[in-house]
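Q: Please take a close look at the pocket of greatest volume in this model, and at how its lining is made up.

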Amino acid sequence: MRYTVQHVSTVTYAAAVTQAQFNLRLVPWLGVGPGSGLGHGQTLVQQSLTIEPAPELRQDVPGPYCVNTTQIGFAAPLEKLRVTSAFSVDVRPPNLPGDGPAVEQVRREALALKELSDTAPAPYVFSSRIAVKNPEIAAWATPHLACGSPIVPAVSALMNAIHSEFTYTSGATTSDTPPHEAFASRVGVCQDFAHVMIIALRAAGLPAAYVSGYLRTLPPPGKPRLVGADAMHAWVNVWCGRELGWIGFDPTNNCLARGDHILIGMGRDYADVSPINGTFIGNAPQTMRSAVDVALAGEADPA
């Protein structure tokens, strides 16, 4: 399936700021393909990243983790930044996985694998900047990840618990809301659900990664519209052992990540893959607006 994606981000400052520098993570990571260790494939057909005004500094750098980063900088005063990411990508849906090995076998395999590549399980086993250890989340998740349970049904049960017990409410949290607060209130958005799930899985010794990407805006005929299709979406990749590798689980929609999910980047948590972050000199308040459109090639634009 070939998708076309357009993502427009506009950052506006109440007064001009100086020495602004940004990291943009909007170009699909090119390592999603055969031999990547991920369960599906993507091929980038064409891509453009338009920045207005034009920056004095612009350079593309890899990573860290499964991320493409474009670094930009402005020496002149800046009041407004507009970034338009447009690309076409071919997505090959993964095959439906079997049940896989037992939870404890995956845990042993992850610790025994002596590898530190971008898709190796080791970097995704331990706490990270946002996905820090939390005993309440660990205790809540324990019954779903019992030893002896096959890994795919066990992770699916955890995903279903988040989907069933938590309420998706747009605007209920921000990118700065700690995962334990969303867990306590049982309210949040896809970012919160992904972080809670990651913390729960890592507490059981299972490698779990945060994925940033997009969902198809229009569903196939007869299928419900997925939650999160109007913005960047987040889900969780779980390393399910040497044979199965990484499998995507979407707790917001209680489904496996398949043909409707387009991966942009994979890291330890949101901090590794946030679409735009940066620094500047000044104290002016800022506002950021984003508009996302994802369509299957030949599909009519949404109304």
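A: In this predicted model, β14 makes the biggest contribution to the lining of the largest pocket, giving five residues. The pocket itself has a volume of about 820 Å³, and of the 29 residues that line it, those closest to its centre are Ser175, Gln191, Ala231, Met232 and Tyr270. Besides β14 (286-296), the elements that give two or more residues to this lining are β1 (2-24), α5 (190-203), β8 (208-215), β9 and α6 (270-273). Sorted by class, the lining of the largest pocket holds 14 nonpolar, 12 polar and three charged residues.

Two of these elements also lead to other parts of the model. Tyr270, among the residues closest to the centre of the largest pocket, is also among those nearest the centre of the second largest pocket, together with Arg129, Ala271, Ser274 and Asn277. That second pocket encloses about 360 Å³ and is lined by 20 residues, with the largest share, three residues, coming from α6, while β4 (68-74) and β13 (276-281) each supply at least two. Its lining comprises eight nonpolar, seven polar and five charged residues.

The strand β9 (233-239), for its part, is packed against by the buried residues of α1, as is α3 (151-165). Those buried residues of α1 (103-112) are Val103, Val106, Glu109 and Ala110, and they lie on the same side of the helix because they cover an arc of only 125° around its axis. Arg108 and Leu111, by contrast, are exposed on the face of α1 that is turned away from this buried side.

Definitions and conventions. Residues are numbered from 1 along each chain as its sequence is written. This is a predicted model: local features need pLDDT of at least 70, side-chain atom pairs count only at pLDDT 80 or more; totals for chains, interfaces and linings use all residues. Side-chain values use heavy atoms; hydrogens and water are left out. Buried means under 20% relative accessible area, exposed over 50%, partly exposed in between (1.4 Å probe, protein chains only). Helices (H or I, at least four residues) and strands (E, at least two) are DSSP runs, numbered from the N terminus. The arc is that of the directions from the helix axis to the C-beta atoms. Contact means heavy atoms within 4.5 Å. On a 1 Å grid over the protein atoms alone, a cavity is a set of points where a 1.4 Å probe fits but cannot get out, and a pocket is an open set with protein on both sides within 12 Å along at least five of seven lines; lining residues have an atom within 4 Å of a point. Grid points are joined across faces, edges and corners, and a volume is the space filled by probe spheres set on the points. Ala, Val, Leu, Ile, Met, Phe, Trp, Tyr, Cys and Pro count as nonpolar, Asp, Glu, Lys and Arg as charged, and the others, Gly among them, as polar.
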